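Welcome! Below you will find a few exercises, each with a solution that goes step by step. Have a look at the structure, then try each task before reading on.

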2 protein chains.
Amino acid sequence: MSAHAYLVDDDEAIRDSLGWLLESRGVTCVSYPSAEDFLAAWSPSLAGCVLLDIRMDGMSGPELFDVLRERGSRLPVIFLTGHGDVPMAVSALKKGAFDFVEKPCNDNELVNRVIEALKLDENQRAAASGADSVNSLVSRLTTREQQVMDLVLAGKLNKVIADELQVSMRTVEVHRANLFEKMGVRTAVELAQLLAGKR
Amino acid sequence: MSAHAYLVDDDEAIRDSLGWLLESRGVTCVSYPSAEDFLAAWSPSLAGCVLLDIRMDGMSGPELFDVLRERGSRLPVIFLTGHGDVPMAVSALKKGAFDFVEKPCNDNELVNRVIEALKLDENQRAAASGADSVNSLVSRLTTREQQVMDLVLAGKLNKVIADELQVSMRTVEVHRANLFEKMGVRTAVELAQLLAGKR
DNA sequence: GCGCATATTGTGGAAATCCGCAATGTTGTG
DNA sequence: CACAACATTGCGGATTTCCACAATATGCGC
């Protein structure tokens, strides 16, 4: 399951030439003749980047892009167009497209963009896996443990937490110890560091 | 020192009409006939956003934009152009321009963009001032206190910190209490929260 | 030298946390 | 119903933190 460049274009000649270009530079490619075909093959775990033609039969490039974003994909998308107009480029980039290039374009430039996009995706996935692992840890906590954790993270003493939750201090201590164990930390500070930014 | 929209365009007619449009919607404006004039008036504390013409005598819009970014400004910039081309728009947006619109354009749209840009700038400044205030707090700590703080944030016990710094536990306790005082927190967790993200 | 900030250490007690051992009640599933 | 998971509480002791009171030493500016 390595990263590939996904070519989505209804023009077979372009798919072939772009595919050959990228492959020759060491970028593995998978081609799709339509947005629908790519969408059918897509899954959240697909890694890499997308080279997406603007105008296609059926679903257009921008439409596919919107669908991918709606489905939570952060796959870098490079739009390709032979008849670009400024508002479309602006719209695409403001929505988070990685790049927007006009055909024909400089081969070297394009390959460089693709490589940058692949690198971005890799970094994003690394960051996301960090957040995910934290979330999965948190999700393994019981309701009570999460409540206690929130109060611990608010810097409150066990005594105060016990009072707010209307339980004994001992109970809080137990939950606290259990959640520390589950979160794999030894102190409240480590917990705060672990959750810094996420959640 | 409130936020304004700064109009930079060498066409007086456009400065006037845009200025009137924005003022009529409650956005105060200041106009400059050239990039050089704006740059002369610019300071890091200037708040608001910039409406910047692409093609001007002397320094061009993109050139001014680059200079501002080099000087550390994060002022949102909306590019205005009567003869836009796609690569220029792509380049501007990828460099961090807020928007790129072609003249003539829909008045409502433009005003909305300006208002969004002003809001973005305000948010950015609020976030930055937060980071600054934290940094200024940290800078008031003595060397030793910062060392202790680092180790505290690493979740280490006073005993361990004392060992690593080759001093007595009591000394660590003193530094710890002093730095908590200076940072305005009561617990290590609050300290971690305060510094989450920054530094 | 004097004053001030900083760094250092000690004593001792109050407060809080950490933890093993033990037990009870509730809830949901097979 | 038996079993497992969760929530709850108490006891007692070890460890740690918090803090007031007190003292010594170093370096820097006036």
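**Exercise 1. A charged pair within one helix**

Is Glu109(B) buried, partly exposed or exposed? Find its salt-bridge partner too.

Solution.
- Before starting, note that this is a predicted model, where local features need pLDDT of at least 70, side-chain atom pairs count only at pLDDT 80 or more, and totals for chains, interfaces and linings use all residues. Residues are numbered from 1 along each chain as its sequence is written, chains are lettered from A and ligands numbered from 1 in the order in which they are written, and side-chain values use heavy atoms, leaving out hydrogens and water.
- Recall the classes: buried means under 20% relative accessible area, exposed over 50%, and partly exposed in between (1.4 Å probe, protein chains only).
- Glu109(B) has a relative accessibility of 40%, so it counts as partly exposed.
- Now look for a salt bridge, that is, a side-chain nitrogen of Lys or Arg within 4 Å of a carboxyl oxygen of Asp or Glu. The partner is Arg113(B), with the closest N and O atoms 3.1 Å apart.
- Arg113(B) is partly exposed as well, at 23% relative accessibility.
- Both residues sit in helix H5 of chain B; they are 4 residues apart, so about one helical turn separates them. Helices here are DSSP runs (H or I, at least four residues), strands are runs of E (at least two), and both are numbered from the N terminus.
- Finally, widen the view: Glu109(B) and Arg113(B) belong to a network of salt bridges that also links Lys94(A) and Asp99(B).

**Exercise 2. A pair across two chains**

Which residue of chain A forms a salt bridge with Lys94(B)?

Solution.
- The partner is Asp99(A), and the closest N and O atoms are 2.6 Å apart.
- Lys94(B) belongs to helix H4 of chain B and Asp99(A) to strand E5 of chain A, so this pair joins two chains.
- Compare the surroundings: Lys94(B) is partly exposed, with a relative accessible area of 38%, whereas Asp99(A) is buried at 0%.
- Over all chains, the count of salt bridges comes to 18.

**Exercise 3. Around a cis peptide bond**

Which residue does a cis peptide bond join to Pro104(A)? Follow that residue to its salt bridge.

Solution.
- The residue is Lys103(A), and omega of the bond is about -5°.
- Pro104(A) lies in the loop between strand E5 (99-102) and helix H5 (107-139) of chain A.
- Lys103(A) forms a salt bridge with Asp53(A), whose closest N and O atoms are 3.3 Å apart.
- Lys103(A) lies in the loop between E5 and H5 and Asp53(A) in strand E3 (residues 48-53), so the pair ties together parts 50 residues apart in sequence.
- Lys103(A) is partly exposed at 23% relative accessibility, while Asp53(A) is buried at 4%.
- Chain B also has a cis peptide bond, between Lys103(B) and Pro104(B), with omega about -5°.

**Exercise 4. A positive phi**

Where in chain A does Gln166(A) lie? Check its backbone angle and exposure.

Solution.
- Gln166(A) is in the loop between helix H7 (158-165) and helix H8 (169-183).
- Its phi is positive, about 60°, although Gln166(A) is not a glycine.
- With 67% relative accessibility, Gln166(A) counts as exposed.
- In chain B, Gln166(B) has a positive phi near 60°, and it counts as exposed at 68%.

**Exercise 5. The outline of chain A**

How many helices and strands does chain A have? Describe its overall form.

Solution.
- Chain A has 9 helices and 5 strands.
- Along the sequence, the pattern reads β-α-β-α-β-α-β-α-β-α-α-α-α-α.
- The radius of gyration (taken over C-alpha atoms) is 24 Å, well over the 16 Å that the globule rule (2.2 Å times the number of residues to the power 0.38) gives for 199 residues, so chain A is more spread out than a compact globule.
- The C-alpha trace spans about 75 × 30 × 25 Å along its principal axes.
- Of the 199 residues in chain A, 43% are buried.

**Exercise 6. A long separation in chain B**

How far apart in space are His83(B) and Val174(B)?

Solution.
- From C-alpha to C-alpha they are 66 Å apart, with their positions 91 residues apart in sequence.
- His83(B) is found in the loop between strand E4 (77-81) and helix H4 (86-94) of chain B.
- His83(B) is partly exposed, with a relative accessible area of 40%.
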